[in-house]
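Open the model in your viewer and keep the sequence panel in sight. The stops below say what to select and what is found there.

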Amino acid sequence: VEIQRHACSDAEPAGNVVLPDSVGSARETASNLSGCAYNQTLGLLLRPTSGLLASPGNTFRAYTARATGVPVVDKAFVEDFADGIKAGQGEGILIDVRERNELPYGMIPGAVNIPLSEFVQALEKDSKFWERQYGIPKVEVGDNVVVYCKSGMRSHQAAAYAAAKGYPNWANYAGSYVDWFGKAY
């Protein structure tokens, strides 16, 4: 889709605009579109060059939330990610940040539960604590991690906190439980 730089109509925007492009030109296009009433840009769809989303098979299946910089992934990405973990071929950790009383409703296969209420303190603990409490070694700074909850809000908080603490390869499964299981509880 070609977007002319200063060609705006009087029509109201009909929906979301996705900008699959390089960082610089997508941001320029988003800025230009804001002059045409498209001023609610949620994020940019970028071709990742490093980290969790960089593998060629994952191109354009995630976007970066503009306000926080937290990568957001979709169900297809999480399916592949979880399959890799279950097969012992994936290099990543899937974390469910829902509280323990929510777990009877189901978990995504391969996920480990670290409730959001424990999350901040857990990142400060050592690997022995993680192995004892959660059954896995402590997440390292360079690990690929996808977090989810019931609807994506708490998992976004967890991913944003981890990013602020220097963990660059965390992504939020925004659809979370509701998207995975196709229902709420």
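A residue counts as buried under 20% relative accessible area, as exposed over 50%, and as partly exposed in between. Pro-109 has a relative accessible area of 36%, so Pro-109 is partly exposed. This is a predicted model, and the tour begins at that proline.

**Stop 1: Pro-109**

Select Pro-109, in the loop between β5 and β6. Leaving out residues up to four places away in sequence, Pro-109 touches Ala-82, Lys-86, Leu-94 and Trp-180. Now add Leu-94: it is 15 residues from Pro-109 in sequence, and the two C-alpha atoms are 9.0 Å apart.

**Stop 2: the whole chain**

Zoom out and colour by secondary structure. The chain has six helices and eight strands, in the order β-α-β-β-β-α-β-β-α-α-β-α-β-α. Of its 185 residues, 36% are buried. Among contacts with a separation of 6 or more, 53% are between residues 24 or more positions apart.

**Stop 3: Arg-98**

Go back to the loop between β5 and β6 and select Arg-98. Is Arg-98 buried or exposed? Its relative accessibility is 0%, so Arg-98 counts as buried. Not counting neighbours within four places in sequence, the contacts of Arg-98 include Leu-103, Asn-113, Tyr-148, Lys-150, Arg-154, Tyr-177 and Tyr-185. For a view across the sequence, select Ser-151 as well: it is 53 residues from Arg-98 along the chain, with 9.9 Å between the C-alpha atoms.

**Stop 4: helices α3 and α4**

Select residues 116-124, which form helix α3, and residues 127-134, which form helix α4. Two packed helices are described by the angle between their axes and the distance between the axes. Here the axes come within 9 Å and cross at roughly 145 degrees. Which residues of α3 and α4 meet? From α3 there are Glu-118, Ala-122 and Leu-123, and from α4 there are Trp-130, Gln-133 and Tyr-134. Sorted by class, this contact has four nonpolar residues, one polar and one charged.

Stay on α3 and show its buried residues, Glu-118, Phe-119, Ala-122 and Leu-123. Look down the helix axis: these buried residues fall within an arc of 130 degrees, so they line one face of α3. They pack against α4, α5 (153-164) and β8 (170-173).

**Stop 5: aromatic rings**

Show the side chains of Phe, Tyr and Trp. The whole structure holds nine aromatic pairs. Take Phe-77 and Phe-81: their ring centres are 6.0 Å apart and their planes are at 20 degrees, and the pair is stacked because planes under 30 degrees apart count as stacked. Both residues are in helix α2 (residues 75-86), and they are separated by about one helical turn because they are four residues apart. An α-helix has 3.6 residues a turn, so residues three or four places apart point the same way. Phe-77 is buried, at 3% relative accessibility, and Phe-81 is buried too, at 12%.

Next, select Tyr-105 and Tyr-185, another stacked pair, with 4.2 Å from centre to centre and 10 degrees between the planes. This pair links distant parts of the chain, since Tyr-105 is in the loop between β5 (93-96) and β6 (111-113), Tyr-185 is in the segment after α6 (176-181), and 80 residues separate them. Tyr-105 is partly exposed, at 45% relative accessibility, and Tyr-185 is partly exposed at 26%. Add Tyr-177 and Phe-181 to the selection: ring pairs link them with Tyr-105 and Tyr-185 into a cluster.

**Stop 6: lysines over rings**

Keep Tyr-185 on screen and add Lys-150, which lies over the face of the ring, 4.4 Å from the ring centre. Then select Lys-75 and Trp-180. The charged end of Lys-75 sits over the ring of Trp-180, at 5.8 Å from its centre. Trp-180 was met at the start of the tour as one of the residues that Pro-109 touches.

**Stop 7: Ser-176**

Finish with Ser-176, in helix α6. Its phi is near 50 degrees, a positive value in a residue other than glycine. Where does Ser-176 stand in accessibility, buried or exposed? Its relative accessible area is 0%, so Ser-176 is buried.

Conventions: Residues numbered from 1 in each chain as written. Predicted model: local features only at pLDDT ≥ 70, side-chain atom pairs only at ≥ 80, totals over all residues. Heavy atoms only, no water. Axes fitted to C-alpha atoms, helices over the stretch in contact; angles between N-to-C directions. Helix = DSSP H or I, 4+ residues; strand = E, 2+ residues; numbered from the N terminus. Contact = heavy atoms within 4.5 Å. Nonpolar A, V, L, I, M, F, W, Y, C, P; charged D, E, K, R; others polar. Phe/Tyr/Trp six-rings, centres within 6.5 Å; stacked < 30°, edge-to-face > 60°. Buried < 20%, exposed > 50% of the residue type's maximum accessible area, 1.4 Å probe, protein only. Lys NZ or Arg CZ within 6 Å of the ring centre and 35° of its normal. Arc of directions from axis to C-beta.
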